[in-house]
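Please work through the exercises below with the coordinates open beside the text, and try each task before reading its solution.

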Amino acid sequence: MRNRRFWLKIIFVAILICIIIYTFRGSWKSILQQIAETAPLILALIAGATIVYHLIEAWITYSLARLYCPSFRYRNAVYNAFYCSFYRLSTLGSGAGVAAIVYLGRHGLSYAEATGLYALQYIIHKISIAIFSGVFFLVNWGIMAAHYRNYAVYLILAYLLTAGICLICILLVIYPRFHRLILALAQKLNRSHKHDGAIKKLEDNMGILEVSSSKILKNGRILVICVLKNMAKLCAWYSIPFLILFQTGEISFLSSLSITSLSVMTAGVIPTPAGIGSTELIMTGLFSVMTGKEKAAAVTLLYRIATFILPFVIGAVCILVNRIVKWRLGFGYTKAGSGAENEIKKTGNL
């Protein structure tokens, strides 16, 4: 079943890539030329931006993980950030959560604690994206209204869908009655009892999420700080188009933050594996209004390489170095009986 889902994702992504290739079929020479002409210093700054993003992501994980395990180290959180980025690409999005939970479980957290931490971190991330986009759309209102007035209906719909997704995520964490409502609906749809196992797993995971997240939710100060850290983290990635086009002066730093955040938020409501395809099409469409189609496509491709391919490569190097070091030292991972990896294998959850 898992192999079937994986190949369906591969086919779906392949179709999206074919659509993108067809859309820019007459412009690829100019697009690649734009990328080739990007100065090495700019490429270094882009790489630096994605590294800063992951360092702040690690800072967030570190601050939350220490609530459960005071001995958790920041270097573990940095490794975890790139480790998840490796699995995000290699599994087309589906394996990043499991990778995070397993890794956290190897470093002092239980399965329940790691699940709650990752779920809350993901929810805070999604909420921060929505807040960031809304704030910078208003701050840069003059430019956004002038160039994207014709997209008003679609943008409002994207904001409403994002708000709905965030609300559902929040209810999943803080409102037990919402859990019961979901389970009741699932039971009604499962009259043939074919999905009893899946519903039982859902029920178990909801219970784990409710219990494990309570420690973090009691600390409102940490939640606010995590949102602010996420806003800073997003600035690193959303500034990449500005860095690429800095020498041309075609967009300001503020416009880069506004347009990129709007692109990512809008693409986030389209259910594609790891956002592949949807992000490229939407970002190219929005930036083409400001820069033209060919430059917008070049910006989008460099953005995708910086935020998707580069972290994957760094993650692969981290994993390889870690394996070599452990092999030379003559020991493997420590697997405590209460660790996340053992519990995932035992229960089959996630």
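The exercises that follow go from the whole chain to single residues, and each is solved step by step on a predicted model.

**Exercise 1. Determine how confident the prediction is along the chain, and where its coordinates call for caution.**

Step 1: Taken over the protein chain, the mean pLDDT is 83, and 85% of the residues reach 70 or more. Step 2: Over residues 333–338, however, the pLDDT is below 50, although this stretch has 15 contacts in the model beyond near neighbours in sequence. Step 3: Residues 346–350 also stay under 50, and for them the model has 13 contacts beyond four places in sequence. Step 4: Where pLDDT is low, the predicted coordinates should not be read in detail.

**Exercise 2. Describe the overall make-up of the chain: its secondary structure, burial, contacts and surface.**

Step 1: The secondary structure consists of 17 helices and zero strands. Step 2: The chain has 350 residues, of which 46% count as buried. Step 3: Among contacts between residues at least 6 apart in sequence, 74% join residues at least 24 apart. Step 4: The accessible surface comes to about 18,000 Å², and 68% of that area belongs to carbon and sulfur atoms.

**Exercise 3. Find which residues touch the most other members of the largest nonpolar core, and which helix contributes the largest share.**

Step 1: The largest nonpolar core holds 39 residues, and within this core Y238 and I240 touch the most other members. Step 2: Helix α14 supplies the largest share of this core, with six residues. Step 3: Leaving out residues up to four places away in sequence, I240 touches I46, A49, S256, Y303, A306 and T307. Step 4: A second, separate core has 28 residues, including F82, I101, L117 and I222.

**Exercise 4. Characterise helix α12, and establish what its buried residues pack against.**

Step 1: Helix α12 spans residues 220–238, which gives 19 residues, and it reaches 27 Å from its first C-alpha to its last, close to the 27 Å expected at 1.5 Å a residue. Step 2: Its buried residues include I222, K233, W237 and Y238. Step 3: The buried residues of α12 pack against α3, α6, α13, α14 and α16. Step 4: One polar link can be followed from this helix, since K233 shares a side-chain polar contact of 3.0 Å with H125, a residue found in helix α6.

**Exercise 5. Decide whether H125, M265 and T300 are buried or exposed, and list what surrounds each of them.**

Step 1: H125 has a relative accessible area of 17%, and because the cut-off for burial is under 20%, this residue counts as buried. Apart from residues up to four places away in sequence, H125 touches Y53, N230, K233 and L234.

Step 2: M265, placed in helix α14, is buried with a relative accessible area of 3%. Beyond its neighbours within four places in sequence, M265 is in contact with I129, A130, S133, A158, Y159 and T162. The C-alpha atoms of M265 and G134 are 9.6 Å apart in space, while the two residues are 131 residues apart in sequence.

Step 3: T300 lies in helix α16 and, at 2% relative accessibility, is buried as well. Its side chain is joined to that of T284 by a polar contact of 3.0 Å. When residues up to four places away in sequence are set aside, T300 touches E280, M283 and T284.

Methods:
Residues are numbered from 1 along each chain as its sequence is written. This is a predicted model: local features need pLDDT of at least 70, side-chain atom pairs count only at pLDDT 80 or more; totals for chains, interfaces and linings use all residues. Side-chain values use heavy atoms; hydrogens and water are left out. Helices (H or I, at least four residues) and strands (E, at least two) are DSSP runs, numbered from the N terminus. The expected span of a helix is 1.5 Å times one less than its number of residues. Buried means under 20% relative accessible area, exposed over 50%, partly exposed in between (1.4 Å probe, protein chains only). Contact means heavy atoms within 4.5 Å. pLDDT is the predictor's confidence in each residue, from 0 to 100. A polar contact is a pair of N or O atoms within 3.5 Å; within protein, one must be able to donate a hydrogen and the other to accept it, and residues adjacent in sequence count only if both atoms are side-chain atoms. Accessible areas come from the Shrake-Rupley method with a 1.4 Å probe; for residues, only the protein chains shown count as cover. A nonpolar core is a set of buried Ala, Val, Leu, Ile, Met, Phe, Trp, Tyr and Cys residues joined through side-chain atoms within 4.5 Å.
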